[in-house]
Structure formats: C-alpha cells, structure tokens
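Please take a look at the sequence and structure below. A short report on contacts and open spaces follows.

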Amino acid sequence: MKPTYKTEPLRCWAKAKEIRQDYYKNYALAHEKGGLRWAGGAWSFDAIPAGLGDDVYPLTGEPYAAAIAWDKEFALQCHEAVEKAGYARDLCSYMRNYWGSIILNKYVFGGEFPKPDFIWQDHICCSHAKWYQVVRDLEGQDIPMYCLDVSVGPYEELTDNRLDYVVGQMHDGIEWLEKVTGRRFDDERLIRAVSNHCRSTALWAEVCALNKAIPAPLDEKTMYSLYVLGTLQKSSGIVADFTEELRDEVKDRVARGIAAVPNERCRVMSDTQPPWGFLKIFRYLEQYGCVSVGSLYTFGLIGQWEVKADGTWGARTTPEQMGIVIRDRDQALRVLASWELKKPEWQHFYSPQAKSEMMIRIAKEWTLDGVLLHYNRGCEGLSLGIAENRLAMIKAGFPVIVFEGNMGDEREFDEIQTLKRIDAFMESQGFEKDSQ
Amino acid sequence: MMDSFKEWYEGRHQYAREWKKRTGKKVVGYFCTYVPEEILIAADVLPVRILGSHEPQDVTEPHIFGMFCPFCRDCLAQGLQGRYEYLDGIMISQSCLHIRQAYTSWKLHVPVEFSYYLPMPHHLQSRRAVPYLTGELEAFKKAVEEWTGTTITEEGLNRGIAIMNRSRRLTRAVYDLRRRPDPPVTGLEAMRMVAASQMVDKREYNEALQETLDRLPDRAERDGPRVRLMMLGSENDDVAFVEMVESLGAIFVIDDHCTGSRYFWNEASTDRKPMESIAARYVDRIPCPTKDWPERRRIGHIRQLAKDWNVKGAIIVQQKFCDPHEIDIPAIIKALKEDGVPAQVLELDVTVPLGQFKTRIEAFLEILREEDLF
C-alpha cells in the first residue's frame, strides 16, 4: 500500500544520542576531572545535588538498567549473578540489572562499574530505597546514602503538612550533602536547576501534546530515546535546551504534515515501561499502519501537565511563566516539591481511577483506536492498578489488548505470543497488514 | 485455656456481626497494622483487620495483576465475595503497594460509607516523621469525627492508648513465657492469639488474655524436647503450616511478622500529648521492611530475639512476590548465620503445599538436630 504521509528523520536525533553518551561518560570519568559521582533514581530530585557544583555527575538507576536490558546477553549475565547471590528473580528487573552490573563489576558502556561517592534517592515504590540499601551491601557500607520519602498522597489532596514533610527532608538532605561531600551548597545553582527542571518537564509535555496531530509526528519507540534525557538529568540546562529544540522541530513537523509512520491509519497507546529488549514490537505494529503515539508512562513520567482553558491537556505553566521569581532555598525547594508531586505518573500510585481517567483523556484527545497494556512483571509500581485500568478503558469504549512481559528480563517475555496477540487484536479491529 | 482465641480467629465474622448488634457501633476493616487503632477505639469504632481465608478463589484476577502477592489477592477476594458485608468503613495506613492495590480495588467495587487512606510516612528514620504523622493523625481524627458524629476527646485518646498498650503488654508477657525451656504456648496458639487480637474488641481480648496469663505459668509440660524455631516474614496466619511444622517435633518460640510480634511489640509512651505519642509509637515500632531504611534496624531486633528466645533455627516464610521482604532475605540469612542460626526460606501462596513443605522442614530439622540417620 502506498504511504499516505511524508516522513523524515528527526534532525536533532544525533544530538539526543550525544547528550546521553556524554552523560554516562561524564559519570564514569567524574573522578578524573576532580568531580563527584552520585547514584539514585530517575525520580530523584537531581536539582538538589546540582547545588554542589557542575562537576557532580549522576547515574540514575532505571535508565541505566534499561540500557542493560537492551543488551540481552549482558542482562542475562546480570540476572544470573544476582540470583546466585541469593536474590529472588521476581524482584524489580531494573534493580536486578543494576545489582548484576555491580556484582560483575562491568559498566554496560565499557570498563568497570563506577562506584558512586554518595547515594541520593527517592522512595517511590517498595523497592526504591531498598535498591540502594543492597547497593551498599554490594559496594560497601562506606557509601553514604540519603533517601527522600515522597509518599504523601495524590497532588489534589496535598496539604501544607504533607508538603512540609517533603520539603523538610530536602532541607535535611542539603545539610547531609554538605557534610558527606565537604562542599558548600550553592543556592543560586539550586535555583537555576529548579528552573531547568520545570522547563524540561513542561517542554516534554509540549512535545507529547503535539502528537495529538494526525499524522503523529513522533512514534513511541522514538519518544523513548528522547524522553530518557529527562530521566537522566532533567535539571540540567543541556537537557532543557535540547527539549526546547526538540519541541520546535516537532512543531515544524506538525506544520508540514510530517509523519512518524507514513502509512498511519490506526493510533494506539501503550502502558508502563516496554520490554526494552523487544522494541521491535512497535515496528511490527507499523505493518498494520499502526502508530503508538505514546502512553501515560511516556507522557507523564517526566512531562508536567495541566488542564487548559478549553478543557484539554497541555503543558503545565512553569513558575517562571507565571512570573514567580525564586529568591531563596526554601522557596526553591517548595516549588520543586510541589511541581514534582503533580506528575501524572505518580497519581496512579494512589488511585487506579485517577490513572484510568488520564488514560481515557489521552485516548480521546489523541484520537486513539485502542490500547496495548503491558502487564509488566518487572515493575510493580507502574503495574499498580493496571487490571482496573483495563476494565475502565473497556467500559469507556476503547478496545484493549494485554500482553504480559518484563521490561528488563527477557525470560519473562514471549515474543511470538505477543506478536500473535497483536495480529489478533489488529485483525479484530479491522486492520490489515500492508502487503510486503 | 487458649480456646477463646481459636474461636475468635475462626469465627471472626460472626464475632463482628454480634459485636455490632450488641453495641450498635460501627466497624472499620483495616488493611495494615500501621493503622492507629487508638483513634478508632477512642471513637468507639471496632477496628478489624482484613485477612485472607487461605482458600483458592477466582474473583480477583480481573482486578489485580497476577504478580502481586497472594495475600493482597486473598484479602480482596474476601470483600468481593461479600464476607465482610458488616463493615461500615475501610482504611489503610500506607505500607506496601500490594496491599494498597487490594484497598483501592475494594474501595472501587465494594462500596462502604467511610474509606480513608492514611499516608503513613516511609522515612521513619527522619526527624520529620513524627511531626508529619502527628499532623496526619489529626486529619484522620477529624475525618472519623465527621463520619461518626462523635467528638474524640483527649480523654478518649488516652483511653485508646491505655487499651492498646495493655493489649500489647499482656501479649508480650505471653511471648516472654515462651523463652522458657518448656514454652507453655505453641506457635500455633500464639498465632491464633495475635490474629484474634486484630479482630475483636481489645477490652474483651485483654480480659481473656489476663485470665489466660494467670494460669499459663502452671500449664503442664509437653512431651519431650522440641527444636526451638523462630518464624520471620510478612503477614502470616497460615495456621495449617504452623500446625504441620509443630507436628514434626519443633516449636515456634518467637516470630517477627505482622500477625505476630511486629504488631504489638512496642507501646505508646504516656509522657507526651496523646496524638504525638500515637505517632511516635507507629514511627518507632519494629518496622516493616518497606519502611526500614536507610539503615536496617529490623535485623538487629531479629538477632536479639533469636538470642533471647534461644532459637536453633529460623524459618523465613515469604509471601510470594513480596519485594520488600524478599530484598531483605539475603541480609537476614547472613546475619543469622553469623550468629549460628541456620535459616530455611519458604514461599507462601494462598494455599500451602503442605506435603512438599513437610519434606523440606523435616530435612531442616534433621540438620538442626544433627541426627544420626543411619
């Protein structure tokens, strides 16, 4: 079948890859430059350690573990090493990839695993703080660890008491950082980093909102390689500037009718992290002219959203856009905590209905034909409530297909069965494969 | 002399229905032992812990993904099957994601007039935890007052604290008796006792327990020496499993799980304002692993229990898919090994494969006894 739309590669693609490569290289080589390394999660408030200086480099666990998952052979070695050390194989597969990399002392980007100087983590699910407790078991108890608890409930029920609890821990964390690093904390750097944090995450939402266009300018497989920068260091000026450049390019694609999938005739969304070693399922969908335009995960793990005057979802207005000038540390921390607690991919930890409502909104506003739910055995946090989401989507009139797998452990993903389920789903919805 | 606890445990629903009829008061089902029962008692509400029934079921599959723990699915099944139809409300105090899933699905599909999510802090080792929880308990108190139409006074809170503390003290006194070379209470009896305490009016429980305690020291010795075991894990009220283990010449003398000692070990202090005292009690109690960080404080406690109760072996019963407990298992095994206490890990599901577990326990006991087999 002849393609309906024009397509072309993203111009900023190479830059995205370069930023990611530099990030992992900078962490590994931090000590050579006299800098520091910190390890934590993609949900960590990375704007805070930024106050210690520009030579303090993070390694966020989830994207690092996803990179391992992409290398199936190494991922298997990691899992086996972790199981040999006595840990259960049903634990978070990101965590197991990460631990395996330490046990084997291999950095997936080459060389030995770079030991962090300190741990700066957020506890968002049952495993996040425990993850780094075990890192200390494996690497040495001499690694100082600080972990923030953000579990104060959904944003719509945020009270002063709840915000104070999070902000109070942030203040304590800054004192702790000064103590364990021997460095003076610079509030100006913090304020700049908070501003970048808000800018990158709002801009990412703008990018995702542009995908409402038909044809979609981006497909989800490509979006994974772009949103990841926000999971690495959303508070860096480099990431914020890049996301702005990306937004401008995607806007231009929409204006010119450039499609991610030139034969687009069916639009779906996914849910939770994909099986990283098998992103080709998204290419398989394209044989049916099907584009996955995103998901609550891709949109809302990093992106910050708000309901606009016309009732639709759009990028959240940043404090700067609202004319707020951050003047001191306490204000910066309050802005940061309040901003981050509103992220869509946090609300569902408290309410499956809240997630279902957001998913139904996406299905309507992004003009979707169906939903692919990944029952992800590798992540209990983002799988929380997923069965209720399935029921709600069906009730709202959207066809749903479920496939079971694991974001980081290919032993729990059945590729052939998944492709057959996709065939059955597409055919049941009246879509046919393009002739080869 | 332990029969009343068995009756309460087995007849939990009947008890709650009769209590409600007798008192005309409300009953709240709760999902985690971090729930501050003191406040509910102060409002004359009966807190009842929602537990599973250990029966195969097929009602939760559409609601909970299969990689969530069997306990949360078993709990939700009770609600979907209408076994807790007498509940006026439900609540959870924030703990693990799995039981939270049971709570949110229950709230969605089994409507009750009152539901409450208490965001119990996880960062218990932070100096911010007690002030924060105190504020949250105030908000919870207000919600209970609005729901029940009663004012919870300081006197009422002190009464709640006193009742809960007495229950904790008496239960711990029974546990202390189990230090003896000839423990007067079996692990099975202790399990039913603690589980029953989570299901009945604490005042009735306290009276029955006081009466039992008065007579326990004189309880007749059992046949022959038994291997002294401790049981570690998350929730565990699988009485069939405990009965099986104790039928093999072993006896559980101590435990650390949330239908055991972790539920009652610490009392609330009486030298602070009541709400702050309640908050401090739940922050300082022996932690669930999901809240036990950055330092692992629970392991030191487990080691001390093993020493004080003269434990020869530990059985770690793990709810399948329970990540926080699973993550701690290698560290617990290592710590116990350093103290010369071997451990056996078993994974629990809704029902237990008794035959297979029996073989493993027999082998474990043989190792502990250093038996000459041939």
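How much space lies in the largest cavity? This is a predicted model, and about 280 Å³ of space lies in its largest cavity.

**The largest cavity**

The count comes to 14 cavities of 30 Å³ or more. The largest cavity is lined by 23 residues. Nearest its centre lie B:Cys96, B:Ser234, B:Glu235, B:Cys258 and B:Cys288. Three helices of chain B each give two or more residues to this lining: H4 (70-80), H5 and H14 (323-338). H14(B) has the largest share, with 3 residues.

**The pockets**

The largest pocket has a volume of about 1,000 Å³. Its lining runs to 45 residues. A:Arg20, A:Pro63, A:Ala66, A:Ala67 and A:Val228 lie nearest the centre of the largest pocket. The elements that give two or more residues here are helix H1 (13-28), helix H2 (61-70), H5, helix H8 (220-233) and H15 of chain A. H1(A) gives the largest share, 8 residues.

The second largest pocket holds about 760 Å³ of space. It is lined by 28 residues. The closest to its centre are A:Pro154, A:Glu156, A:Gln347, A:Ser351 and A:Ala354. Both chains supply elements that give two or more residues to this lining. From chain A come strand S9 (305-307), helix H13 (344-347) and H14. From chain B come helix H5 (97-109) and strand S4 (114-118). H14(A) has the largest share, with 6 residues.

The linings break down by class as follows.

| Lining | Nonpolar | Polar | Charged |
|---|---|---|---|
| Largest pocket | 29 residues | 9 residues | 7 residues |
| Second largest pocket | 14 residues | 6 residues | 8 residues |
| Largest cavity | 12 residues | 6 residues | 5 residues |

**Where the chains meet**

The size of an interface is often given as the accessible area lost when the parts come together. Chain A and chain B bury about 4,000 Å² between them. Carbon and sulfur atoms account for 58% of that area. In chain A, the residues that lose the most area to chain B are A:Lys130, A:Tyr165 and A:Glu380. Together they make up 15% of what that side buries.

The contact takes in 52 residues from chain A and 46 residues from chain B. Across the interface there are 26 residue pairs in polar contact. On the chain A side, eight elements are worth locating, and each supplies at least two of the residues that touch chain B. The helices are H4 (93-103), H5 (128-139), H6 (160-181), H14 (352-365), H15 (380-383) and H16 (386-395). The strands are S5 (145-149) and S11 (370-376). H6(A) gives the most, with 7 residues. By class, this side of chain A has 26 nonpolar, 15 polar and 11 charged residues.

**Salt bridges**

How many salt bridges does the structure hold over all chains? The total is 65. Of the salt bridges, 6 cross the interface of chain A and chain B. A:Asp172 forms a salt bridge with B:Arg127. Their closest N and O atoms are 2.7 Å apart.

Another salt bridge lies within chain A. The side chains of A:Lys15 and A:Glu245 meet at 2.9 Å, N to O. A:Lys15 lies in helix H1 and A:Glu245 in helix H9 (residues 237-256) of chain A, so this pair ties together parts that are 230 residues apart in sequence.

Notes: Residues numbered from 1 in each chain as written. Chains lettered and ligands numbered in written order. Predicted model: local features only at pLDDT ≥ 70, side-chain atom pairs only at ≥ 80, totals over all residues. Heavy atoms only, no water. Contact = heavy atoms within 4.5 Å. Buried area = accessible area lost by both parts, 1.4 Å probe. Salt bridge = Lys/Arg side-chain N within 4 Å of Asp/Glu carboxyl O. Polar contact = N/O pair within 3.5 Å; in protein donor to acceptor, adjacent residues only side chain to side chain. Helix = DSSP H or I, 4+ residues; strand = E, 2+ residues; numbered from the N terminus. Nonpolar A, V, L, I, M, F, W, Y, C, P; charged D, E, K, R; others polar. 1 Å grid on protein atoms, 1.4 Å probe; cavity = no way out; pocket = protein on both sides within 12 Å on 5 of 7 lines; lining within 4 Å. Points joined across faces, edges and corners; volume = space filled by probe spheres on them.
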